[in-house]
Amino acid sequence: MSAMKGEAGAVSRRACLVSLSAGPAAWLAAPQAAHAGGQLEEPLIDSVRTALSSAVLNQAPPEPQFGTTEARLLYLRWLGTMSDRLRRRKPDWEVRRDFLQTVWYESKRAGLDVSLVLGLVQVESAFRKFAVSSVGARGYMQVMPFWTRVIGDGDPGKLFHMQTNLRFGCVILRHYLDRERGDLFMTLGRYNGSRGRPQYPDSVFAAQRNWVFQDRITTAAEGLAPAGG
């Protein structure tokens, strides 16, 4: 089930499917739909529950670590590009930086594509930290409160904490991706509680395109590399 946020009003899902020809910033000016993250509670075997709990409760600060200077510079170029795209939704630089840094960290930690997570956040909450859906899902990634009881400390209020919400959302999405054996379409449907129906996955895939990063410096360097081996 995919329900509209009460505070967002009756906004058409088509608002999420922004024309690609308008560029990544076009969706910022359009009315934004925000869809409830209606994950369904299901029994988990003890080993899975323990693994998910461990992944959620390890609250290390989201400080990226880089093995090389080039890797750090690549991250900083990504951060600058994404910051420009997000500025209208989050005008304060420090808030924007902390959010993007945490999304990057939690996505990488869970083995997820960062652009996919950003696309999901766009569709689920329109980047609103305190969004609450009609079915009670909370925060950026619209996590259902039952997850805090199943794999957390039982306090649903913590889902409004930025890193906690993104940590739960990424861990849950990774869990569903493993269950669906890498099938992103089915994974997104399961995350939204609409498994097998195309509307929600299609919306996330469309939104994801706003957050794909193409590094011009790396591309240019590859273009100058000598052919052959």
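Guide: A salt bridge is a side-chain nitrogen of Lys or Arg within 4 Å of a carboxyl oxygen of Asp or Glu. This model is predicted: local features need pLDDT of at least 70, side-chain atom pairs count only at pLDDT 80 or more, and totals for chains, interfaces and linings use all residues. Residues are numbered from 1 along each chain as its sequence is written, and side-chain values use heavy atoms, with hydrogens and water left out.

Visitor: How many salt bridges does the count come to?
Guide: Side chains of opposite charge can pair when their charged atoms come close. With the cut-off just given, the count of salt bridges is 10.

Visitor: How many helices are there in the protein?
Guide: Helices (H or I, at least four residues) and strands (E, at least two) are DSSP runs, numbered from the N terminus. From that end on, the elements run α-α-α-α-α-α-α-α-α-α. There are zero strands, and the number of helices is 10.

Visitor: What share of the residues is buried?
Guide: Buried means under 20% relative accessible area, exposed over 50%, and partly exposed in between (1.4 Å probe, protein chains only). The protein has 229 residues, and the buried share is 47%.

Visitor: Which residue forms a salt bridge with Arg174?
Guide: Arg174 lies in helix H7, and its partner sits four residues away in that helix, about one turn. Arg174 is partly exposed, because its relative accessible area is 26%. The partner is partly exposed too, at 47%. The closest N and O atoms are 2.9 Å apart, and the partner is Asp178.

Visitor: Which side chain meets Arg195 in a salt bridge?
Guide: Their N to O distance is 2.6 Å, and the partner is Glu180. The pair links distant parts of the chain, 15 residues apart: Arg195 is in the loop between H8 and helix H9 (199-208), and its partner is in the loop between H7 and H8. Arg195 is partly exposed, at 44% relative accessible area. The buried partner, at 10% relative accessibility, is Glu180.

Visitor: Which residue is linked with Glu70 and Arg77 in a network of salt bridges?
Guide: Start with Glu70 and Arg77, whose side chains meet in a salt bridge at 2.9 Å, N to O. Glu70 counts as partly exposed, because its relative accessibility is 43%. The network also takes in Asp215.

Visitor: How many aromatic pairs does the count come to?
Guide: Rings of Phe, Tyr and Trp (its six-membered ring) pair if their centres lie within 6.5 Å; planes under 30 degrees apart are stacked, over 60 edge-to-face, and the rest tilted. By this rule the number of aromatic pairs is 11.

Visitor: What kind of pair do the rings of Tyr176 and Tyr191 make?
Guide: Tyr176 is in helix H7 (residues 162-179) and Tyr191 in helix H8 (residues 184-192), so the pair ties together parts 15 residues apart in sequence. Tyr176 is buried, at 0% relative accessibility. Tyr191 is buried as well, at 0%. The ring centres are 6.5 Å apart and the planes are at 85 degrees, so the pair is edge-to-face.

Visitor: Which residue forms one aromatic cluster with Phe66, Tyr75 and Trp78?
Guide: The cluster holds Phe66, Tyr75 and Trp78. Its other member is Trp104.

Visitor: Are H4 and H7 roughly parallel or roughly antiparallel?
Guide: Two packed helices are described by the angle between their axes and the distance between the axes. The axes of helix H4 (residues 93-110) and H7 come within 9 Å and cross at roughly 30 degrees. Angles under 35 degrees count as roughly parallel, over 145 as roughly antiparallel, 65 to 115 as roughly perpendicular, and the rest as oblique. That makes the two helices roughly parallel.

Visitor: At what angle do the axes of helix H3 and H4 cross?
Guide: H3 and H4 are oblique to each other. The axes of helix H3 (residues 69-86) and H4 come within 10 Å, and they cross at roughly 125 degrees.

Visitor: What is the phi of Ala126 near?
Guide: Most residues other than glycine have a negative phi. Ala126 is in the loop between H5 and H6 and is buried, at 3% relative accessibility. Its phi is positive, near 55 degrees.

Visitor: Is Arg181 buried or exposed?
Guide: Arg181 is in the loop between H7 and H8. It has a positive phi of about 55 degrees, although it is not a glycine. With a relative accessibility of 81%, Arg181 counts as exposed.

Methods: Axes are lines fitted to C-alpha atoms, for helices over the stretch in contact, and angles run from 0 to 180 degrees between N-to-C directions.
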